[in-house]
Amino acid sequence: MSENSSAQTTHHEVLELTVRNHPGVMSHISSLFARRAYNVEGILCMPIGNRERSRIWLMVDEDRRLEQMIKQVEKLEDVLDVQQHDANHQVFIKLEEFFQT
Amino acid sequence: MYTMTGADLTIRLLERQGIETISGIPGGANLPLYDALYGSDKIRHVLARHEQGAGFIAQGMARASGLPQVCFATSGPGATNVLTAIADAKLDSVPVICITGQVPSSMIGSDAFQEVDTYGLSIPITKHNFLVRDVAELLETIPAAFRIASSGRPGPVLIDIPKDIQTQEISFEQWPEPGRPTQPSPANPEDLQQAAAMINQAQRPILYLGGGTIISNASEQARTLMERSSLPTTMTLMGLGAVPVDHELSLGMLGMHAAPYTNMALEACDLLIAVGARFDDRATGKVSAFCPNAKVIHIDIDPSELDKIKQAHIGIIGDVKQVLEQLTPMISDNRRTQWTTEVENLRRTHPFQTPKTDRANTAYGAIRKVAELVDDNAIVTTDVGQHQMRTAQLYPFRKPRRWLTSGGLGTMGFGLPAAIGAALAEPDNTVICFTGDGSLMMNIQELATAIEQQTNIKIILMNNNALGLVHQQQTMFYGKRTFASDYELQMDFVAIARGFGMPTFDLSGNNNHEALLREALEYSGPCLIHIPIDVNENVFPMVPPGAANIEMIGGDDHV
């Protein structure tokens, strides 16, 4: 993550994933992006509900490969749902105060 | 109430899945599993000589039968050794379940003896993987592994089981249901109608069948569609045998080593009907120049394949067999006299020119002779290289699941253990393994397994004492600077095979080669047939890597 990164100034999209909550799921997702050399600018993860599931928020580059990336994410066994939002989604914007230099 | 150890539970769950054969190698971290397997009267264990061999034996069983199969490896080097076979299964969509032992849970992360992060290593090369953290999870994990491996687009699943989980006792009330493939969702009817209209209206359509046609057991449906609409039909490396390659509408394999007329017909087509095919670069050549004038209908069970390489005009997500069953009734009978005549003209003017020989001691001649001498139920495996491409070009595959080759990963060393697996799955059929000296050396230790199991495999070793396809590429594209592709040491493969206790038939010298080949194929049990071939005999035609498929080299002058 670069120091100057900001959701408002670069072309990003926000992905909202609902996943099964277990120790391997983050590595499945981050490995998928990493091995396709697809940049993930931001990542957030917290359990939801009765903690059997987690919500993962990803801030990713807007890129012509994104559609294919989303299809690949949807194929992961532990990913239950993927929603796509634009960069104006508040989740990362509201967190910016924790990421000041 | 049932009470047993995790290891016993694992073996019982595998029995309940219908598993009858497991290939593998024991070691420290999976000894409890082996102890439980010792007590099984339903599962036979096949001891491989290297875990990669065990993985490919399981693949051979799975590719021939279409059913998920299991291999075992211990932690650390056992796990790393098996990874190549797992990655190979991923690329060719083969349902293999690999169960690895792991160091005890309390020692994970401590750099314990033979500890490696098997879970982390296997993430990118499996369809899914599990690290079992509690013995009770096995009740869900084992059936889930079978469900995942065999549902939708099949693939390998790895289950890593720490040793303490294997020895821990568990009590449970009820056996879980065995894991079975989930039913695929039906295709969108509007897409089917549009696709049917496109096929009916097309002037120059081509059917392009991939490995998905075979995986989905859709050969009959593909043939019905092909014949009803008189569709010239090409097959990928993985799709060979989906329809008989010597059917009058068959164009054989497409791509890098295709017959000239096949790639030329694709160049001329106005509609490409891709069925369970993924537009691999070896099939398409330069993608922007592949079927430049064609609209594309793409049928695949994996949504991520649609629009991945080539944008489809109609993308249909669904099981190939079901889709073809729904699609074909909407297709009108069509003789397509003009287009099929045009294709026939291409076939006549730009044929696939094999070296004109049926001598059993030559590369092409041996393939041709073997095909004459065995029936259509024989299973053919190959390794990777020139012998593989020659077999793909020439062998008359007429049935599905008779052709087992490492297509996606292109793993040298695949052929012998895959042949052993195929022979274990179908002991009554002959299994032919076409191989080269470079490939055979990569898993030669499995000769021991082949003998020990008395598998009916015939290893046809085409020996040019070189990495032939590397040698060919250096000759063609690197200024003839052949380097590191000729072996300095000339091995005596006949003596080596004999050392393993394997009967051999040597087609060098002035023997009656054909009689010897016949004798070898009639021999009941494993044997090696040694055929020395010329290192300078290349595989033609060839599309240079990265070039368009119509930029073929050779095929005319090299006969």
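User: Domain bounds come from an automatic or database assignment. Which domains of chain B give the lining of the second largest pocket at least three residues each?

Analyst: This is a predicted model, where local features need pLDDT of at least 70 and side-chain atom pairs 80 or more, while totals for chains, interfaces and linings use all residues. Residues count from 1 along each chain, chains are lettered from A and ligands numbered from 1 as written, and side-chain values use heavy atoms, without hydrogens or water. A pocket is an open set of 1 Å grid points that fit a 1.4 Å probe, with protein on both sides within 12 Å along at least five of seven lines, and lining residues have an atom within 4 Å of a point. The two domains are domain 1 (2-172) and domain 2 (189-349).

User: Nice! How much space lies in the second largest pocket, and which residues are closest to its centre?

Analyst: The pocket holds about 1300 Å³ (space filled by probe spheres on points joined across faces, edges and corners). Of its 45 lining residues, the closest to the centre are Gln72(A), Lys75(A), Arg153(B), Asp302(B) and Ser304(B).

User: Which residues of chain B lose the most area to chain A?

Analyst: The contact (heavy atoms within 4.5 Å) takes 15 residues from chain B and 13 from chain A. Together the chains bury about 1100 Å² (accessible area lost, 1.4 Å probe, summed over both), 50% of it from carbon and sulfur atoms. Giving together 40% of what chain B's side buries are Ile123(B), His128(B) and Ser304(B).

User: Which residue forms a salt bridge with Glu77(A)?

Analyst: Two salt bridges (Lys or Arg side-chain nitrogen within 4 Å of an Asp or Glu carboxyl oxygen) cross this interface. With closest N and O atoms 3.3 Å apart, the partner of Glu77(A) is Arg147(B).

Note on methods: Buried area = accessible area lost by both parts, 1.4 Å probe.
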